[in-house]
Amino acid sequence: MDSQAAYPGCWGVAVALACVCCAAYGQTAQKGADVSRRTKEKLRVDYIGYRAARYETEAVVEPQNGRPNRGGFIRVYLTNTSGKDLQLAYYRCNGKDVSHWLLNGYFAWDRLYNQHLNPGQTTVLEINAVTGDFGAGQPFSFAYIDRSWLPACFREAILAEDPVQISLVRMLPGLRELEVHVRHTGGRRVVLGAVQVLGRNTEHLVWAGATHSVALKGPSYAIARIRLDHPLAAADLAVLRLSVEEDGDVRQIYAHRRAFEDWFPIGCWSAEPDTYGPLRRHHIELVVRGGRADHEFYSDIAPKYGFRTMCPTGAFDGLDTIRSLADHPAVACWMLADEPDWSTPPVVMMHSDAFARRNNRTKPTFITLCRNVKFFEYGPIADIPCMDHYCVTAPTSSKWPEPYGTRLEETAYYTRDLKTACEPKPIWVWSQAIASWDERPR
């Protein structure tokens with residue numbers, strides 16, 4: 001057992017692991033969970049994705065990283081094959097109940113998208129592991145126990161990176177067309193085929209430079225544009241499946257994100273009456289603003305100037321704001337926290353995100369982060385991960401050749417770290433914009 005529960009966050013390249021055949025499993029402390037070869041599986045493990053935790057440590061050094069992250073981000077795609085409704089209870093990893101990993105700090109957080117599965121329904125379990133027990137190359141066993149207190153599935157595998165990954169899913173206005181970016185980092189030739197959103201029919205698929213399939217010899221990149229037969233609804237869990245052929249063998253690569261129209265604004269932190277005009281003249285369209293729908297900013301100012309807002313909701317105290325502004329067109333997202341990676345545990349932010357999702361499905365959630373050593377643990381939580389790495393005349397949080405101000409090269413490292421930690425979701429990069437202390441890159 002690696003007892004180092006690494007709390008700081010990191011980044012990683014999306015990877016996958018191949019499942020091996022079923023094997024005998026030991027006794028659990030909970031009721032009736034005896035896993036054996038005779039158990040009839042009710043869940044199909046479609047795919048296990050893995051992203052090793054790593055981040056820039058040479059060009060950029062974060063000094064406050066006493067517990068380095070040696071784990072990885074695991075995604076398990078599960079489909080109910082029982083023919084009946086299935087209620088999931090808890091899961092086990094490497095022979096121990098999830099409570100062992102969570103309560104001892106070995107998992108930063110976990111999230112299951114659907115606990116109740118209809119026949120044929122697919123769900124996703126996310127595990128943000130921070131201990132070396134879940135580092136690249138480590139053996140991994142997995143079982144899910146349903147409400148009959150018997151295992152619904154069991155798999156063993158080795159955590160290993162798949163060279164073919166869905167690196168970005170971009171959702172276009174209307175939520176009917178999607179751009180799917182695929183990165184191939186291996187050296188062997190692969191053929192990329194069908195791209196599907198589970199539960200939707202693909203009406204049209206075009207690969208850049210090809211039509212129904214495209215051959216790649218890595219390292220290389222490809223982009224597909226797909227059109228669905230009907231649009232996704234806001235906040236729908238979009239599970240994508242990509243067919244990959246290599247040396248005559250065909251495998252399926254999976255990725256997921258919640259469905260929201262992607263928008264990449266120019267924003268700033270504050271907007272006051274004397275800056276409304278200058279902000280718009282500088283093409284700044286997004287500001288941070290809370291309140292209620294009947295406040296002057298939302299009733300008059302936002303429509304007049306065309307502003308949209310990142311609306312602060314706090315950890316668990318923003319219910320009134322969420323209810324009042326739920327369908328307001330000026331609200332771009334629910335802002336869960338600003339730079340929680342300084343002091344707020346990631347599991348608290350995960351529950352804050354769940355709180356916002358539970359109370360409103362019309363807006364994406366948003367978190368601003370500032371430390372690349374924490375990106376891995378915090379970044380995958382929200383629908384819109386953001387990096388706050390602006391150029392100011394104040395000491396930087398990292399060890400950098402220049403003690404004052406942030407260089408563009410440092411911002412580039414941070415941007416790369418956050419992007420790879422959060423694939424396949426897009427990210428935002430934050431700028432403070434207009435201020436008396438200047439905001440020009442040096």
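1. Seven bridges join S10 to strand S11 (residues 151-158), and the two run antiparallel. Strands here are DSSP runs of E, at least two residues long, numbered from the N terminus, and two strands pair if DSSP finds at least two bridges between them. Within this pairing, Ile145 sits across from Pro151 in S11. S10 and S11 make a hairpin with four residues between them, and Trp149 in that turn has a positive phi of about 60 degrees.

2. A quick word on what you're looking at: this is a predicted model, where local features need pLDDT of at least 70 and side-chain atom pairs count only at pLDDT 80 or more, while totals for chains, interfaces and linings use all residues. Residues are numbered from 1 along each chain as its sequence is written, and side-chain values use heavy atoms, with hydrogens and water left out.

3. Back to S10, which has another partner to look at: five bridges join strand S5 (residues 86-93) to S10, again antiparallel. Tyr91 stands opposite Tyr144 of S10. Strand S10 itself (residues 139-146) is mostly covered, with seven of its eight residues buried. Buried means under 20% relative accessible area, exposed means over 50%, and partly exposed is in between, using a 1.4 Å probe and protein chains only.

4. Now the charged pairs. The structure holds 29 salt bridges, each being a side-chain nitrogen of Lys or Arg within 4 Å of a carboxyl oxygen of Asp or Glu. Take Arg155 and Glu41, whose side chains meet at 2.8 Å, N to O. Arg155 lies in strand S11 and Glu41 in the loop between strand S2 (19-20) and strand S3 (43-52), so this pair ties together parts 114 residues apart in sequence. Arg155 is buried at 14% relative accessible area, whereas Glu41 is partly exposed at 24%.

5. The loop between S2 and S3 also supplies Lys42, which forms a salt bridge with Asp146 of strand S10; the two residues are 104 apart in the chain. Their closest N and O atoms are 2.8 Å apart. Asp146 is buried, with a relative accessible area of 2%, and Lys42 is partly exposed at 24%.

6. Which strands stand at the edges of the open sheet? The sheet has four strands in the order S12-S13-S17-S15, with antiparallel pairing. Strand S12 (164-171) and strand S15 (202-207) are the edge strands, each with a single partner, so one side of each has no neighbour in the sheet. From one strand to the next, the twist averages 25 degrees, with axes taken as lines fitted to C-alpha atoms and angles running from 0 to 180 degrees between N-to-C directions.

7. Zooming in on that sheet, S15 is joined to strand S17 (residues 220-228) by five bridges, and the two run antiparallel. His204 has Arg227 as its bridge partner in S17.

8. Ala222 is worth a look too, since that residue lies in strand S17 and counts as buried at 8% relative accessibility. Among the residues Ala222 touches are Val180, Leu192, Trp207 and Leu216, not counting residues up to four places away in sequence; contact means heavy atoms within 4.5 Å. Val180 is 42 residues from Ala222 in sequence, yet their C-alpha atoms are 8.4 Å apart.

9. One last salt bridge: the side chains of Glu179 and Arg170 meet at 3.3 Å, N to O. Glu179 is buried at 14% relative accessibility, while Arg170 is partly exposed at 30%. Salt bridges with shared partners join Arg170, Arg176, Glu177, Glu179, Glu203, Arg225 and Arg227 into one network.
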